[in-house]
Amino acid sequence: IKEKDLWKYFAFIYALYFIGYFGLILADVYYIDDLKRSKDGYFDFLNFSRYLSENLSKLIHLNLHHNTDISPITQFIAMMFLSFGSILLVKIISKQLSYFALIASTPLGLSPFFLENMSYKFDSPFMSIAIISPIFAFLFFRRNFVFFIISILMILITLNTYQAGNSIYIILSLFFIFKISIQAKQLHYIFNKITICIISYVIGMGIYKFFILKETDGYVSSGIIKENFITEVFKNISKTLNIYKEVLHNSAYEYILYFAIIAFLIATFKQAKINKFNSITIGVFFIIISFILSQGSYLILTKPLWDSRAFNAFGIILAIIFIYTIKTKIYKIELGKILAIFGTYFLIIQANSYANALKAQDEFSKMRIEFMFSDLNRLTPLDNKFQVYIKSGGINNAPTVDNSAANFPIINRLVFQRLSSNWFWSANSNFVNLGLKGEYVLGPCNDSENKIIQTLDTSMHKITKYDNNCFIVEFHK
């Protein structure tokens, strides 16, 4: 990219992402996998065939065998990648960088779903690489063979860092097909581009599937649907769209997005070189199909990942809409710029509200752990040979969490520490990280032959001690 003020643009978009994630950096909370990685120092990306993540993590931590918590450096690196991604996205859509276009690009990295990706201290750089890699390929869209080769390489980079990013390539392909369709390109040219995009995607996915991927079948599966294929795919599509509705429902961003879609269609109408009304039809078709296919290859998996971190394409769809409409005016009113500003402002305050809620819940859960262990400390043997099982379903949200969720529905989908039973990343890892003694198990440590020795019931929890030094904890809501 030959831009005189490239680094000024980079500093500008980086500053926006930094403001957006400033609260998350201040919160300094270990998110799910972070709990174990921060204590045990393992990399553990190979279990999900993320070979590039594994090796890049070793590079970032300058250690081949052990990593440590170096946050917020990892999140700074992630924001660097997101900033380059925004610059690339603006360049391929509007051809020219501008500050307003960069503002419009922020959904790429500040999407409500991507808040979860950035919450991971150890994973966030690689999740960022996964979503920006496909963007790079489209710099070469006009050069068929180069585009074909680079597309395959970028898809493989995405799959070896975070597989959910595979859908980014699909959305960008749809956008470029939309773009050349309204520019009155000949049908054979359009068909040729569609063919290259499809073949590139299939080859990239095929190489990964058959030569790189280690099949998994746990809480998610890499297996493809074999029975009732069409029915199951439609179920996955329906679930995807319902999740989008849930996250946007009654939020200010829902209405900003509605206006942005209208502005997108107006921009399409003005820029089209074909029949104007046909161009609007193509524009509507692009938006609908983009949301339908936004989970990419996950739509055909038997057990796809439904956590927020998997919805990578949602952000790029929004970014495309806002960037494409940035020059849209109605009666000299800069509608595109106004929508971009309000949209980005919403995403920034949403990100910081989430971070504050995450911190509040973390402190709330640790307070409950401290109360619990204070009571356990009076009941457990001095040799620390005892087991603890959390029997109840965990604790409530901290008041801050519920209040924040009223304005930002995505907060209801993100993972907060509620000390849940039978979930490894909750009570178990929290206790171990805090250096508490004893063994914390994910299933009952007593049986019908064990007798109750002592019971302690408080306003916070109930602790039952058995004769085999098993302690059953039931948190009160």
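The following legends describe close-up views of a predicted model.

**View 1. Helix 13 and the helices around its buried residues.** Helix 13 covers residues 252–271, a run of 20 residues. From its first C-alpha to its last the helix reaches 29 Å, close to the 28 Å expected at 1.5 Å a residue. Ten positions can be picked out as its buried residues: Tyr253, Glu254, Ile256, Leu257, Ala260, Ala263, Phe264, Leu265, Ala267 and Thr268. In an α-helix, residues three or four places apart point the same way, because there are 3.6 residues a turn. The partners of the buried residues of helix 13 are helix 6 (107–110), helix 10 (166–181), helix 12 (229–248), helix 14 (276–292), helix 15 (312–324) and helix 16 (335–379).

**View 2. The contact of helix 13 with helix 14.** The two helices pack at an angle of about 140°, and their axes are 8 Å apart. Angles over 145 degrees would count as roughly antiparallel, and helix 13 and helix 14 are therefore oblique to each other. Their crossing is right-handed. On the side of helix 13, the contact is formed by Ile261, Phe264, Leu265, Thr268, Phe269 and Lys270. Helix 14 contributes Lys276, Ser279, Ile280, Gly283, Val284, Phe286 and Ile287. By class, the residues of this contact are eight nonpolar, three polar and two charged. Phe264, Leu265 and Thr268, which take part in the contact with helix 14, are also among the buried residues of helix 13.

**View 3. The crossing of helix 9 and helix 11.** Helix 9 spans residues 144–159 and helix 11 spans residues 187–212. Their axes come within 9 Å and cross at roughly 35°. The crossing of helix 9 with helix 11 is right-handed. The residues of this contact comprise 15 nonpolar, five polar and one charged.

**View 4. Ser86 and its contacts.** Ser86 is located in helix 4, which runs over residues 73–94. The relative accessible area of Ser86 is 0%, and the residue is therefore buried, the limit being under 20%. Apart from residues up to four places away in sequence, Ser86 touches Ile13, Tyr17, Leu102, Ser105 and Leu108.

**View 5. Lys121 in the loop between helix 7 and helix 8.** The loop that holds Lys121 joins helix 7 (114–119) to helix 8 (124–137). Lys121 has a relative accessibility of 3% and so counts as buried. Residues up to four places away in sequence are not counted among its contacts, which are Asp28, Val29, Tyr30, Asp34, Asp69, Ser71, Thr74 and Gln75. Two of the residues touched by Lys121, Asp28 and Ser71, have backbone features of their own. Asp28, in the loop between helix 1 (6–27) and helix 2 (34–40), has a positive phi of about 55° although it is not a glycine. With a relative accessible area of 45%, Asp28 is partly exposed. Ser71 is joined to Pro72 by a cis peptide bond, with omega about 10°. Pro72 belongs to the loop between helix 3 (51–61) and helix 4.

**View 6. Leu115 in helix 7.** The relative accessibility of Leu115 is 0%, and this residue therefore counts as buried. Its contacts, leaving aside neighbours within four places in sequence, are Tyr21, Gln350, Ala351, Tyr354, Ile410 and Leu414. Trp306 is 191 residues from Leu115 along the chain, and their C-alpha atoms are separated by 15 Å.

**View 7. Leu299 in the loop between helix 14 and helix 15.** Leu299 has a relative accessible area of 4% and is therefore buried. The residues touched by Leu299 are Ile225, Val233, Asn236, Ile237, Thr240, Ile292 and Leu293, without counting those up to four places away in sequence. Between Leu299 and Glu232 the C-alpha to C-alpha distance is 8.5 Å, with their positions 67 residues apart in sequence.

**View 8. Asn384 in the loop between helix 16 and strand 1.** The strand that follows this loop covers residues 387–390. Phi of Asn384 is near 60°, a positive value in a residue other than glycine. The relative accessible area of Asn384 is 34%, so this residue is partly exposed.

Note on methods: Residues are numbered from 1 along each chain as its sequence is written. This is a predicted model: local features need pLDDT of at least 70, side-chain atom pairs count only at pLDDT 80 or more; totals for chains, interfaces and linings use all residues. Side-chain values use heavy atoms; hydrogens and water are left out. Helices (H or I, at least four residues) and strands (E, at least two) are DSSP runs, numbered from the N terminus. The expected span of a helix is 1.5 Å times one less than its number of residues. Buried means under 20% relative accessible area, exposed over 50%, partly exposed in between (1.4 Å probe, protein chains only). Contact means heavy atoms within 4.5 Å. Axes are lines fitted to C-alpha atoms, for helices over the stretch in contact, and angles run from 0 to 180 degrees between N-to-C directions. Angles under 35 degrees count as roughly parallel, over 145 as roughly antiparallel, 65 to 115 as roughly perpendicular and the rest as oblique. A crossing is left-handed if the near helix is turned anticlockwise from the far one by less than a right angle, and right-handed if clockwise. Ala, Val, Leu, Ile, Met, Phe, Trp, Tyr, Cys and Pro count as nonpolar, Asp, Glu, Lys and Arg as charged, and the others, Gly among them, as polar.
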